[in-house]
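Here is a short report on one protein model, written for a reader who has not met it before. Have the sequence and the 3D view open while reading.

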Amino acid sequence: MTVRPQDTPGAPMSLRPRLLGGAPAAPPSVDPGVAEFRPETHSLPGFFIWTLGCQMNQSDSEEMAGQLLAAGCLRSPSLEAADLVVINTCAVREHAEAKVIGRQGLLTALKRARPGMRVVLTGCGVRESERDGLARRFPAVDMFLRPDEEPELALRLGLVSAQAPIGLQTVSTAATTVVSGRPVSAADRLAASRSTALAEDRVARSSTLSAWLPIVYGCDKTCTYCIVPFSRGPERSRPFDDIVAEARSIAEAGFVELTLLGQNVNSYGHDLPAEERFAHIETERSAGRRLDLQSRPDLAELLCVIDGIRGADGGPAISRLRFITSHPWDLSDRLIDAMASCESVAEHLHLPIQSGDDAMLQRMGRQYTLAHYKLRLARIREAVPGIAVSTDVIVGFCGETEAEFQATLAALEEIRFDTVFAAAYSPRPGTPALRLADDVPPAVKRRRLNELLARQHTIGLERNREWLGRDVEVLVERITPQRQVAVVSIAPDDADTAAEPGLDYAGVGVPDLAGTAGEGSVALAGRTRHNKLVHLAGDPELIGRAVIVHIDYAGPFALRGRVVATPIGPSPGVATTVVE
Ligand code: SAM
Ligand code: SF4
Ligand code: F3S
């Protein structure tokens, strides 16, 4: 594969200066010697980032927000009020792209009313091989940036002044490579640009509680249905020391939860050079393509080193360490042992199965069998008793027979996942599966999806009932908006999918909890170490704290309980002393 740096970015797009609504923000203090070169605060655009898709997109949006804030822009409260709208797209299913196409009319009308408004489209929807058709499909968009071009957002918009951080002025990250004869995004420079952004304090994290930390970009796997290898390119791991340094700064900033991110987070490190200090690492892949993994850092090593970052009390400085998404190929014994031995690693694993039928798994290019999947799961359940396991399933993939579908249902019945994120197969442009016939009729896909969700509804309920009567640690995350405290089923505009990772689903029939724990108490929601969603009532001050909750209700998607001990540990966002 060849990596071809892109030509220098095109001319910056002009953003017509416009007075922002409301009181102007106080201009930041600037060295008087350079003040004359700085654009006036009121002339910079207010921005809004609409993020779709997975946690990687959420993390990327934090970097883009950081760039725009560093350039002096301000956040807008809504898409409608913004001068600059950045849409960070997902392309995993047609429906995800259709959502954005469906907003083109609104965006065009907004631009007509306010001619200075600009729209930028980024993320997996921007693929080099389909660049020609983008303007036709997204007529309201002024600029398209592939995932590897996102660090150049502010620069290309012409928002970078001479006083902006050096990294913003000089960054050039755009690169493509060739996969299956087509040009695709290459993540070769994203690791370096993230390090620069961190050094210049240009990552605007969206929470003071939980932090995302990307460790590997792209995907090298062979799933025939999936667009990700074509939207994000081959796997590229960040240097080990950069990741540890970022984790340390996250710990020092007082975050209580850290999630390591990658499309295949557990394949981390295979593309890094072998080093003497990692000579003890002798991982072997148990399925899929063989790789030389000797003496290279892996996810297990990262977990152990991050777990070893300690606070003044001697405990892990970050109390909950998570990682998503793992692939069955790379679920090594070393990783399982690290999960079992590192006290901060949360007792939850997301391990996509996709299908319970071997012939189907082969057509999907997953390169493991159901037996292999079950063996790895048995090993982890033995090492981490009670671990919660969630998964992804696709129904109605090319040629799926009723028997193959029933095999998937039987696998769910046998494995008893805590949560299943299920979707109907959606053909994606340029993927190998296009060579197979998409021959399961839409009505059959829908029926199978509903049948699977109904089956999982029962299993999820039974799994959750195991928590009844127990006292569990809940990290309180947010006030539950009234509308979420309702019966939840598949949203009507999202009929091809249910329970996307990253979305929260209120428990079916959870009543409004506001006021039930004394005057001023509100409905709150948080998660256990096992990633169970828990509804509770309490003081809003509890947000960001870990409390002990007695579980007295279990629904298929969530638990409910009352606070019996509060709070545990330091307040979130308060600087923590990390012991060297
Ligand atoms: N890397 C992860 C893995 O090992 O599967 C998942 C990442 S993928 C972006 C998230 C999920 O989207 C997949 O697990 C799969 O279930 C689903 N997905 C991907 N392509 C799809 C398609 N064409 N139609 C329906 N669902 C799809
Ligand atoms: Fe897509 Fe498969 Fe890569 Fe997951 S492992 S991102 S499903 S190609
Ligand atoms: Fe979607 Fe891209 Fe993530 S296709 S799921 S945003 S990697």
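## Helix H15: two sides

In this predicted model, Ala403 and Glu414 of helix H15 are exposed. They sit on the other side of the helix from its buried residues. Which residues of H15 are buried? They are Glu404, Phe405, Thr408, Leu409, Ala411, Leu412 and Ile415. Seen down the axis of H15, these buried residues fall within an arc of 155°, so they line one face of the helix. An α-helix has 3.6 residues a turn, so residues three or four places apart point the same way.

H15 runs over residues 402–415. Its 14 residues should span 20 Å at 1.5 Å a residue, and the end C-alpha atoms are indeed 20 Å apart. What do the buried residues of H15 pack against? Three helices take part: H13 (358–363), H14 (370–383) and H16 (442–465). Two strands do so as well, S15 (388–395) and S16 (419–424). Just after H15 comes arginine 416, with a positive phi of about 60°.

## Helix H16

H16 is one of the partners of H15. It has 24 residues. From first C-alpha to last it reaches 34 Å, close to the 34 Å expected at 1.5 Å a residue. Its buried residues include Leu449, Leu452, Leu453, Ile459 and Leu461. Lys445, Arg448 and Arg463 are buried in H16 too.

Proline 442 is also in H16. Is proline 442 buried or exposed? Its relative accessible area is 58%, so proline 442 is exposed. Its C-alpha lies 8.3 Å from that of glycine 396, though the two are 46 residues apart in sequence.

## Surroundings of the ligands

Which residues surround ligand 2? Four of the names come from one stretch of chain: Cys219, Lys221, Cys223 and Tyr225 are among them. Cys226, Val228 and Pro229 are there as well. Gln263, Asn264, His327 and Arg366 complete the list. By class, this shell has 6 nonpolar, 3 polar and 2 charged residues.

Ligand 3 has its own set of neighbours. Cys54 and Asn57 are part of it, as are Thr89, Cys90, Ala91 and Val92. Cys124, Val228, Arg232 and Gln263 are the others. The shell around ligand 3 has 6 nonpolar, 3 polar and 1 charged residues. Val228 and Gln263 appear around ligand 2 and around ligand 3.

## Two buried residues

Arginine 93 sits in the loop between strand S4 (84–89) and helix H3 (94–101). Its relative accessibility is 16%, so arginine 93 counts as buried. Proline 427 is 334 residues away along the chain, yet the two C-alpha atoms are separated by 7.4 Å.

Threonine 528 belongs to strand S19 (residues 522–528). With a relative accessible area of 2%, threonine 528 is buried. What does threonine 528 contact, leaving aside neighbours within four places in sequence? Its contacts are Arg320, Arg322, Val472, Glu473, Val474 and Val534.

## Backbone exceptions

Most residues other than glycine have a negative phi, and most peptide bonds are trans. Some places in this model depart from that pattern. Aspartate 201 has a positive phi, near 55°. It lies in the loop between helix H8 (190–199) and strand S9 (210–217). At 69% relative accessibility, aspartate 201 counts as exposed.

Glutamine 367 has a positive phi too, near 60°. Its place is the loop between H13 and H14. Glutamine 367 is partly exposed, with a relative accessible area of 42%. The peptide bond from isoleucine 324 to threonine 325 is cis, with omega near 5°. Threonine 325 is in the loop between strand S13 (320–324) and helix H12 (333–341).

## The protein overall

How many helices and strands does the protein have? There are 16 helices and 23 strands. Of the 580 residues, 55% are buried. The protein exposes about 23400 Å², and carbon and sulfur atoms supply 55% of that area.

Contacts often join distant parts of the sequence. Among those between residues at least 6 apart in sequence, 74% join residues at least 24 apart.

Technical notes. Residues numbered from 1 in each chain as written. Chains lettered and ligands numbered in written order. Predicted model: local features only at pLDDT ≥ 70, side-chain atom pairs only at ≥ 80, totals over all residues. Heavy atoms only, no water. Near = heavy atom within 4 Å. Nonpolar A, V, L, I, M, F, W, Y, C, P; charged D, E, K, R; others polar. Helix = DSSP H or I, 4+ residues; strand = E, 2+ residues; numbered from the N terminus. Buried < 20%, exposed > 50% of the residue type's maximum accessible area, 1.4 Å probe, protein only. Contact = heavy atoms within 4.5 Å. Areas by Shrake-Rupley, 256 points an atom, 1.4 Å probe, with all protein chains shown as cover. Expected span 1.5 Å × (residues − 1). Arc of directions from axis to C-beta.
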